[in-house]
Amino acid sequence: MPQTFEYTFDTPVYKGKTSFSTGLYINGQWVDGSKGTTIDVINPTNGQLVTKISEGTKEDVDLAVVAAQKTFDTVWGLNTPGTRRAELLNNLGNLMQAHFDELAALEALDNGKTFGWAQDVDVTDSIATIKYYAGWADKIQGKTIETTAGKLVYTRHEPIGVVGQIIPWNFPLMMMAWKIGPALATGNCIILKPSEFTPLTAIRMSHLIQEAGFPPGVVNIIPGYGTTVGAAISEHPHIDKVAFTGSTLVGRKIMEAAARTNLKNVTLELGGKSPNIIFDDADIDQAVRFTSHGIFWNHGQACCAGSRIYVHAKVYDEFLTKFTDKAKSLKVGDPFGLDTYQGPQVSQIQFDRIMSYIDSGRQQGATLHLGGERHGSEGYFIKPTIFTDTKPDMRIVQEEIFGPVGVVIRFEDDDDVINQANDTMYGLAAAVFSKNIDRALQVAHKLKAGTAWVNCINQLHPQVPFGGFKQSGIGRELGEYALENYTAVKAVHVNFSLSVK
Ligand code: NAD
């Protein structure tokens with residue numbers, strides 16, 4: 001019998017209670033994992049145990065796939081009209097709204113992000129995404145295509161079937177919404193694995209999904225480890241599509257598993273090392289505000305973090321002084337504190353990983369300009385960190401750190417900075433700051449990135465596609481584009497003539 005998680009939040013910013021079963025959600029029921037084992041959920045603010053949740057296994061994935069396939073063939077898929085799918089998604093969005101603060105508090109507790117940011121971004125965007133895709137559910141349409149006289153040809157955009165979704169720990173609820181929204185709008189059944197580090201909001205969502213009225217088997221949620229549940233999803237012969245958000249390293253494994261098994265359709269949202277270019281004609285105060293947000297928001301644990309900060313030589317000193325002051329002003333501390341900007345990193349592993357990058361920056365000869373050390377004596381806090389005097393081939397310039405660590409790089413020439421900005425295996429996002437719109441747009445168009453921000457950074461909207469060039473991913477999430485990930489196009493040829501041609 002799965003444990004019930006009961007928790008009382010008594011904090012300066014939120015007082016409330018939560019209580020829900022921590023079982024796997026398979027075929028509309030909360031159950032123990034097939035081995036009866038559990039995963040510890042750790043509070044990153046103090047390293048202490050929050051609760052234990054059921055651990056999924058390969059056998060649980062098999063059970064969920066059987067249930068999902070049956071539901072797809074009988075009551076979901078082509079059996080439920082788009083208007084009903086829209087209604088259910090709207091129900092879910094409304095329930096999330098009713099549990100707005102509870103979801104934000106769970107996210108802050110589990111991930112370490114601040115309650116305020118979880119409210120303003122994670123929960124707000126997740127609800128908007130679910131409602132946005134509710135709007136699409138009854139607008140999934142093909143085309144009629146003219147060919148020859150005596151023939152009618154049309155296309156249908158049919159749901160793929162049972163789809164696997166594997167998500168990371170940095171925006172647990174939001175990544176879930178980005179995945180389930182388009183998959184449900186188009187009529188697929190889902191096997192979703194949240195990160196083992198941050199499973200709480202996905203489990204809480206399973207309860208809201210049931211309450212919203214989705215038939216059993218439409219959404220199955222199986223918390224577990226990557227090498228067990230994640231691998232089972234990507235290798236499964238009866239899962240026809242896998243959508244993954246996470247590191248490039250694991251993305252490669254997912255693709256290999258798909259190729260080795262049933263050639264399932266794969267979409268990947270992967271890592272980044274995004275350039276942020278500040279020209280000499282930028283509004284420096286605006287650039288400082290966005291640059292700080294770009295690298296320090298969510299503790300630098302954002303795939304699109306503007307971690308390589310290129311600053312024109314003419315404004316370098318002014319920018320660095322103001323950016324340093326801004327970084328010093330950010331309050332690091334309790335995610336439920338009144339004016340906290342930055343909470344802890346998500347885990348000990350992530351803390352150690354970031355600290356080892358900071359060591360490598362020092363060892364490779366960069367100047368540690370600010371931070372570079374633990375904040376406080378417990379939990380996984382790292383002070384906002386700035387490096388200067390880097391070389392292009394240093395690890396802190398090339399590799400995704402996924403922490404509050406930015407490198408500030410001086411440049412003089414527009415072509416040179418474009419080359420430097422593009423000199424990475426990643427291509428997720430980029431930002432340009434300039435008051436000269438011609439210059440800003442020309443550079444934005446030359447940057448090899450799936451998103452280019454001009455005089456802003458970290459702007460995301462449910463309507464706007466998001467995804468990577470190069471090794472930052474394959475396919476696009478959000479917007480109309482994401483619907484393509486979850487439909488298979490069928491061409492139907494109808495013949496009215498007696499000729500065989
Ligand atoms: P990760 O790749 O370690 O894990 C992501 C998910 O994959 C987790 O659920 C994990 O359990 C699972 N996994 C691990 N090994 C697996 C395997 N062998 N087979 C199948 N699944 C496996 O990433 P993370 O540390 O959770 O998240 C950070 C990464 O996610 C960063 O690289 C970040 O840039 C990326 N990210 C990208 C986007 C985007 O939209 N492009 C958004 C958020 C995060």
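In this predicted model, an oxygen atom of the ligand lies 2.6 Å from an N or O atom in the side chain of E196. The protein buries 90% of the 850 Å² that the ligand exposes when taken alone. Two further polar contacts involve the backbone: a backbone N or O atom of G246 is 3.4 Å from an oxygen atom of the ligand, while a polar backbone atom of L270 lies 2.7 Å from a nitrogen atom of the ligand. The table sets these contacts side by side.

| Residue | Part of the residue | Ligand atom | Distance |
|---|---|---|---|
| E196 | side chain, N or O atom | oxygen | 2.6 Å |
| G246 | backbone, N or O atom | oxygen | 3.4 Å |
| L270 | backbone, polar atom | nitrogen | 2.7 Å |

The ligand sits in the largest pocket, and the 28 residues around the ligand include I167, E196, S247, L270 and E400, which come nearest. By class, this shell has 15 nonpolar residues, together with 8 polar and 5 charged ones. Among the elements that each supply at least two residues of the shell are α7 (226-235), β12 (241-245) and α8 (248-260).

Two strand arrangements can also be described. Strands of a sheet pair through backbone hydrogen bonds, in either a parallel or an antiparallel sense. In one arrangement, strand β1 (residues 4-10) and strand β2 (residues 15-21) run antiparallel and are joined by 7 bridges, with E6 having S19 in β2 as its bridge partner. The connection from β1 to β2 is a hairpin of 4 residues.

In the other arrangement, 3 strands form an open sheet in the order β7-β8-β22, and their pairing is antiparallel. The edge strands of this sheet are β7 (144-145) and β22 (487-495), each of which pairs on one side only. Between β7 and strand β8 (residues 151-159) the antiparallel pairing extends over 2 bridges, and the bridge partner of T144 in β8 is Y154.

Methods. Residues numbered from 1 in each chain as written. Predicted model: local features only at pLDDT ≥ 70, side-chain atom pairs only at ≥ 80, totals over all residues. Heavy atoms only, no water. Pairing = 2+ DSSP bridges. Near = heavy atom within 4 Å. Polar contact = N/O pair within 3.5 Å; in protein donor to acceptor, adjacent residues only side chain to side chain. Areas by Shrake-Rupley, 256 points an atom, 1.4 Å probe, with all protein chains shown as cover. 1 Å grid on protein atoms, 1.4 Å probe; cavity = no way out; pocket = protein on both sides within 12 Å on 5 of 7 lines; lining within 4 Å. Sits in = over half its atoms within 2 Å of the grid points. Nonpolar A, V, L, I, M, F, W, Y, C, P; charged D, E, K, R; others polar.
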